[in-house]
Structures are given as C-alpha cells and as structure tokens.
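Please open the model in a viewer and keep the sequence panel visible. The tour proceeds by selections, each followed by a description of what is found there.

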Amino acid sequence: MPGLNRLLRLAMDRAYRSGLRKEGYDEVAPAPARAVPSGGGGEVSPARAVRVVEVRRETPSAVTLVLADADGGDGVFDFLPGQFFTLVAEVEGREVRRAYSASSAPGSSRLDVTVKHIEGGRFSGHAHRSLRAGDVLAVRGPSGSFHAGGRPPAEVVLIAAGSGVTPMMSMIRARLAVRTDRCRISLLYSSRGPDEVIFADELARRAADDPDRLSVTQVLTGRDGRLDAAGVRRWVTDLAPAADAHYYVCGPQPLTDTVLATLAGLGIADDRVHHERFGGGADPATTATEPRTMAVEEDGHPVGTAAVGPGATLLDAGLAAGLPMPYSCTVGACGDCAVRLRAGEVAQDGPNCLTAGQRAAGWALTCVGRPLTDVTVDIAVSLDEDAAAAGDSADA
C-alpha cells in the first residue's frame with residue numbers, strides 16, 4: 001500500500017518516544033521534518049536544515065560537529081542510539097552526502113556527529129578544513145538497524161575500533177543518562193595510539209564515576225599489538241557476561257569478521273550479536289576498465305542515459321548527467337538508491353544493506369554499484385514499496 005512504510009515509521013517513532021519518556025527523557029517531542037532540495041535530479045526529500053553550533057576537536061583526525069535547527073528552533077533529534085544520519089553539504093559547487101553515526105544521546109535539541117578524516121574524502125576533508133560555527137547543512141534520517149532499541153537489554157558488550165566507537169558512545173550516553181537504569185555496559189576499544197582515542201577523557205571519567213555500570217578496556221595497537229581473536233576471546237571470557245547479554249560490534253571489516261567468528265566460537269547466538277561495518281571499496285578485479293553506458297527507465301519508460309567511467313558508481317554518473325536518481329546515504333547502508341537491474345551486470349561494494357534474496361531478485365544499489373557491462377536500470381519502485389507489494393501478494 002502506498003504510504004504504508006510512512007505509517008509504520010510514524011507508529012515506531014511514537015512508540016519509541018513513549019519509551020524514552022518512561023526512561024526519563026521528559027523533553028522528548030517529535031522532530032520536525034524540513035523540506036530542502038536534495039541532489040537527486042531535483043526532487044524534494046524530507047530533510048532537516050541545521051546549523052553548525054560547534055566544531056569540537058576530539059583527536060588529530062576526528063572532529064565532532066554539534067548541530068541544531070537552522071531556524072533557531074528547539075526541536076529535538078529523535079533516533080535510536082546507534083543509528084546514523086546522512087549529512088548533506090555543498091562542497092566545491094557539488095552536493096555531497098555522507099552517513100555518520102550520531103554520537104550524542106537522543107532526545108536533545110542538539111545532534112553530535114563525529115567525523116574522522118579520510119585521506120581524499122570529499123566530505124570529511126570539508127568538515128575538517130572548512131566547516132565553522134554558523135554554517136548551514138541538512139540532515140536526513142535517522143537510518144540504520146544497528147541500534148540498542150527502545151528497550152535495550154540489561155547487559156551490553158561493545159567492541160569497537162577507531163571511529164567505530166561513535167555509535168557506541170551514543171548508546172553509553174543514553175543509558176547512563178537514566179540513573180534508574182541498572183545496566184551493565186562493557187566496552188573493548190582498539191585505537192592506534194593514545195592520541196587517536198576518540199572520547200578518551202569522557203570515557204575515563206564516566207567509567208570512574210559509574211564503575212558498576214560502565215567498564216572500558218583500551219587496546220592501543222602501537223603498544224599492545226593488533227586486537228586479534230585470542231585477545232577478544234580472552235577479554236570476553238574474563239568478562240563473563242550474562243547469558244542474555246547482547247553484543248555490538250563496529251569497526252573495519254577485518255576486525256568485525258574476527259570478532260564475529262570469535263563470538264560464534266564462544267557459542268553466542270546470532271540473534272544476540274549486532275554489527276556494523278565500514279565499507280572496503282571496490283575490488284579492482286571486478287571493476288570495468290572502459291566506460292559503460294547506463295540506461296535509466298521509470299516503469300519501463302526511458303528517462304535518459306549516462307556514461308559511467310571506469311571505477312565510477314552508477315549514482316555518480318547518473319547525477320552528473322542530470323538524471324533523477326534516488327539516493328540518501330551514499331554508502332550502501334539505507335537502500336534509498338536501490339533500483340531494478342533490467343539488463344547487464346553490476347559489481348557492488350560490500351558489505352551493504354541488500355539481502356541475498358534482494359540481489360537475486362535483481363536489485364542493485366547505485367551508490368556502491370559499478371557496471372561490468374552496459375546496463376539498464378529502473379527507478380520506478382523502491383525497496384519498501386516492493387516489500388509491501390510482496391506482502392500484499394502473500395496475503396491475497
């Protein structure tokens with residue numbers, strides 16, 4: 001049914017706000033939606049205009065952007081701890097969107113997102129070099145299924161590396177803000193060195209002030225060596241979590257794979273392990289070495305074509321050609337850019353949000369999809385609409 005996903009989202013938001021109030025967030029209110037032009041072919045998407053209140057230096061390579069409503073209002077940012085927002089900014093005359101996890105607790109009129117500088121990164125470089133207090137951006141979201149939920153488990157085990165600690169910080173801040181929450185939170189956090197430990201002072205202070213609810217174990221690779229399977233196994237075994245504890249893992253793919261395999265080896269059920277990875281980029285062996293042509297259709301009707309250069313994504317090529325390409329996060333995490341692949345072959349960076357069934361059904365994510373041949377894609381139906389239609393067919 002058209003609009004069904006929107007109704008479900010409203011119901012979920014209402015239930016979550018109710019849960020937050022019960023946990024002590026009396027000021028929680030619906031976050032207003034602001035309509036600003038997105039870059040996808042001129043369509044208007046639900047987004048929220050925000051201004052930069054502060055650019056706070058966390059480490060030499062990480063800054064936190066403190067954001068508030070651009071119009072001076074006091075609307076709150078409502079999300080589940082661990083979720084991400086898509087930041088939208090104009091960089092060198094071109095709209096750029098990047099997804100970053102919230103590092104603040106939900107229910108506040110200010111939103112913290114922590115951005116680590118990536119060499120050659122268009123948005124991260126802009127955030128570190130150019131953004132100042134008073135600058136205006138837009139945010140979309142929240143998005144993502146990596147979160148602790150409205151009623152998180154009593155014990156959570158967090159394992160992070162580098163900027164993977166940012167969604168964990170949102171979880172920690174949200175739980176510890178509720179003094180009646182008798183939670184137990186354990187964090188294993190790997191960083192290159194002491195200067196690269198994001199939130200180092202706050203984590204140390206919170207652990208010292210509330211040792212019964214939070215413990216933090218730091219691994220500095222320059223001092224202790226790389227965090228490996230034996231180190232993860234030893235830490236979890238010594239921790240002796242409760243049988244119903246939930247585990248949250250966020251970091252580069254090699255670490256995530258190591259942790260997931262270790263937890264499985266310890267007999268921890270899959271439904272108690274939640275993870276989010278950082279994408280690893282395209283595999284050179286599966287990238288075209290010559291330009292390909294992308295034909296875009298909408299419900300079978302031609303919309304236009306674009307030349308896709310070697311290594312370029314379908315989304316970048318479509319937007320450069322002025323085609324109405326749907327998109328949001330640009331990192332393969334939200335599914336807003338999903339299209340039906342009608343002809344041709346596409347290699348897609350992973351990990352991403354598509355399931356094996358969706359890939360088999362011909363879905364492709366244009367933000368991480370690179371053509372191996374000339375391709376034809378159809379932008380008429382979204383993943384949510386397709387899922388709703390499948391549900392209706394099953395119920396018929």
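The stops below go from the whole chain to single residues.

**Before starting**

This is a predicted model, in which local features need pLDDT of at least 70, side-chain atom pairs count only at pLDDT 80 or more, and totals for chains, interfaces and linings use all residues. Residues are numbered from 1 along each chain as its sequence is written, and side-chain values use heavy atoms, with hydrogens and water left out.

**Whole chain**

Select the protein chain and colour it by secondary structure: 10 helices and 19 strands appear. Helices (H or I, at least four residues) and strands (E, at least two) are DSSP runs, numbered from the N terminus. Of the 396 residues, 47% are buried; buried means under 20% relative accessible area, exposed over 50%, and partly exposed in between (1.4 Å probe, protein chains only). Among contacts between residues at least 6 apart in sequence, 68% join residues at least 24 apart, where contact means heavy atoms within 4.5 Å.

**Helix 2**

Select residues 122-129, which form helix 2; six of these eight residues are buried, so the helix is largely enclosed by the rest of the structure. The buried ones are Phe 123, Ser 124, Gly 125, His 126, Ala 127 and His 128.

**Helix 6**

Which residues of helix 6 are buried? Select 229-239 and display Gly 231, Val 232, Trp 235, Val 236 and Leu 239. Seen down the axis of helix 6, these buried residues fall within an arc of 125 degrees, so they line one face of the helix; the arc is that of the directions from the helix axis to the C-beta atoms. On the other side of helix 6, Arg 234 and Asp 238 are exposed.

Next, add the partners of the buried residues: they pack against strand 8 (155-161), strand 9 (184-191), strand 10 (214-220), strand 11 (246-251) and helix 7 (253-265). Just after helix 6, Ala 240 has a positive phi of about 50 degrees.

**The second largest cavity**

Rolling a probe the size of a water molecule over the atoms shows where empty space is left. A cavity here is a set of points, on a 1 Å grid over the protein atoms alone, where a 1.4 Å probe fits but cannot get out, and lining residues have an atom within 4 Å of a point. The structure holds three cavities of 30 Å³ or more, and the second largest contains about 40 Å³ of space.

To see its lining, select Ala 148, Val 156, Leu 158, Met 171, Ile 172, Arg 175, Ile 185 and Tyr 248. Helix 3 (165-176) and strand 8 each supply at least two residues of this lining, and the largest share, three residues, comes from helix 3.

**Arg 175**

Centre the view on Arg 175, which is in helix 3 and also belongs to the cavity lining. Arg 175 is buried, with a relative accessible area of 7%. Leaving aside neighbours within four places in sequence, Arg 175 contacts Pro 152, Pro 153, Ala 154, Val 156, Asp 181, Cys 183, Ile 185 and Arg 213.

**Ser 328**

Finally, select Ser 328, in the loop between helix 8 (314-320) and strand 15 (338-343). Is Ser 328 buried or exposed? At 4% relative accessibility, Ser 328 counts as buried. Display Thr 86, Arg 97, Arg 140, Cys 334 and Asp 336, which Ser 328 touches when residues up to four places away in sequence are not counted. A C-alpha to C-alpha distance line from Ser 328 to Val 88 reads 9.0 Å, although the two are 240 residues apart in sequence.

Key:
On a 1 Å grid over the protein atoms alone, a cavity is a set of points where a 1.4 Å probe fits but cannot get out, and a pocket is an open set with protein on both sides within 12 Å along at least five of seven lines; lining residues have an atom within 4 Å of a point. Grid points are joined across faces, edges and corners, and a volume is the space filled by probe spheres set on the points.
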